[in-house]
Amino acid sequence: MAREKTAFRVLHFESLDSTNEEALRQLGQGSETPLWIVADEQSHGRGRGSRRWHSPKGNLYASLLLELNITASIATQLSFVAALAASDAIASELPAEQLGTLRLKWPNDVMLAGAKIAGILIESLAGPRGRGLAAIIGTGINVSSAPADTARPAAALKSGPADCVRVFAALTQAFEIWLGRWNEGRGFANIREAWLARAHLPGEPVSVNLNGSSIRGTFRGVDERGALQLETPAGVVITLNAGDIYPGAQG
């Protein structure tokens, strides 16, 4: 993949175990941040909850390493920042008739016509320079292929491998914009509003799988901290900080 112009440094690898793991190694080596790590393929790509992320050549695997003056609780907001940036990058490659099917699913997926086209993995740890926090934002986008052996449907842009260059360029530009608007949490209200405009519709039936059980209800948005708000059939609105969300009455 050719390097595109970005305000952040970029390290490109033909193959890695995981771009998030390489970002962690770069952090330990004292590399200057912010820093993008990009790989053509991953041998041990992973998603949220240590799930395997299918990582053949032709798709985009990128992790952004940041050092921020924030707390771990504020760092969870980066899932919303990353989802907005990823959806912008994907939208830049979609025909106009498909744009309306691009939606964000709490807490960290991008969906195209109900199928997952991108996933995000946020990892954070104490900053190595004695202050703040280091955050690694891993983003995987299905550009030329989608895995067939997944529990839920997956989608891809169906572009050629070379188009990963364009998608990555769009992703870096979108990240710089949304990170600036987020402003280390001070602008999260605007991020939340933008995310909600692209997410489930209020009142849409959903179910949430959490610790092996399923909670059904209707989507009521996310609160000021980014936690999911779900209205149960009994009319009680509950707040969830974790879980896998499914549209409709699935479980």
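In which strand is Phe13 found? Phe13 belongs to strand 1, which covers residues 9-16. Welcome to a short tour of this structure, which is a predicted model. The stops below take in strand 1, the strand pairings, the aromatic pairs and one pocket.

**A first stop: Phe13**

- With a relative accessibility of 23%, Phe13 counts as partly exposed, because buried would require a value under 20% and exposed a value over 50%.
- Phe13 and Ile37 are 24 residues apart along the chain, and 7.8 Å separates their C-alpha atoms.

**Strands 5, 6 and 7**

- Strand 5 (residues 109-112) runs antiparallel to strand 6, and four bridges join the two.
- Strand 6 itself spans residues 115-126.
- Two residues lie between strand 5 and strand 6 in their hairpin, and Ala113 in the turn has a positive phi of about 50°.
- If you would like a residue to follow here, try Ala118, which is found in strand 6 and is the bridge partner of Val110.
- Ala118 has a relative accessibility of 0%, so this residue counts as buried.
- Ala118 and Ala83 are 35 residues apart along the chain, with 8.6 Å between their C-alpha atoms.
- Strand 6 also pairs with strand 7 (residues 133-141), again in the antiparallel sense, over nine bridges.
- Within that pairing, Thr139 in strand 7 stands opposite Ile120.
- As background while you look at these strands, side chains in a regular strand alternate between the two faces of the sheet.

**Strands 8, 9 and 10**

- Six bridges hold the antiparallel pairing of strand 8 (residues 205-210) with strand 9 (residues 213-222).
- Val206 has Gly217 in strand 9 as its bridge partner.
- The hairpin of strand 8 and strand 9 has two residues between the strands, and Asn211 takes a positive phi near 55° there.
- Strand 9 pairs in the antiparallel sense with strand 10 (residues 228-231) as well, over three bridges.
- Here the bridge partner of Val222 is Leu228 in strand 10.
- Five residues lie between the strands in the hairpin of strand 9 and strand 10, where Gly226 takes a positive phi near 100°.

**Aromatic pairs and a charge over a ring**

- How many aromatic pairs does the structure hold? There are four aromatic pairs.
- One of them joins Trp36 and Phe168: the ring centres are 5.4 Å apart and the planes stand at 85°, so the pair is edge-to-face, a class that needs an angle over 60 degrees.
- Trp36 lies in strand 2 (residues 35-42) and Phe168 in helix 4 (residues 163-182), so this pair ties together parts that are 132 residues apart in sequence.
- Trp36 and Phe168 are both buried.
- Phe80 and Phe188 also form an edge-to-face pair, with 5.5 Å from centre to centre and 70° between the planes.
- Because Phe80 lies in helix 3 (residues 78-91) and Phe188 in helix 5 (residues 188-197), their pair ties together parts that are 108 residues apart in sequence.
- Phe80 is buried, with a relative accessible area of 3%, and Phe188 counts as buried at 4% relative accessibility.
- Trp36 and Phe168 appear again in an aromatic cluster, which they form with Phe175.
- Another ring to look at is that of Trp178: the charged end of Arg181 sits over this ring, 4.6 Å from its centre.

**The second largest pocket**

- The second largest pocket holds about 490 Å³ of space.
- Its lining has 23 residues, and those closest to the pocket centre are Thr76, Gln77, Ser79, Pro107 and Asn241.
- Which strand gives the most to the lining of the second largest pocket? Strand 6 does, with five residues.
- Helix 2 (72-75), helix 3 and strand 6 each supply at least two residues of this lining.
- Sorted by class, the lining has eleven nonpolar, nine polar and three charged residues.
- Two of these elements should be familiar from the stops above: strand 6 is where Ala118 is found, and helix 3 is where Phe80 lies.

Note on methods:
Residues are numbered from 1 along each chain as its sequence is written. This is a predicted model: local features need pLDDT of at least 70, side-chain atom pairs count only at pLDDT 80 or more; totals for chains, interfaces and linings use all residues. Side-chain values use heavy atoms; hydrogens and water are left out. Two strands pair if DSSP finds at least two bridges between them. Rings of Phe, Tyr and Trp (its six-membered ring) pair if their centres lie within 6.5 Å; planes under 30 degrees apart count as stacked, over 60 as edge-to-face and the rest as tilted. Buried means under 20% relative accessible area, exposed over 50%, partly exposed in between (1.4 Å probe, protein chains only). A charge sits over a ring if NZ of Lys or CZ of Arg is within 6 Å of the ring centre and within 35 degrees of the ring normal. On a 1 Å grid over the protein atoms alone, a cavity is a set of points where a 1.4 Å probe fits but cannot get out, and a pocket is an open set with protein on both sides within 12 Å along at least five of seven lines; lining residues have an atom within 4 Å of a point. Grid points are joined across faces, edges and corners, and a volume is the space filled by probe spheres set on the points. Ala, Val, Leu, Ile, Met, Phe, Trp, Tyr, Cys and Pro count as nonpolar, Asp, Glu, Lys and Arg as charged, and the others, Gly among them, as polar.
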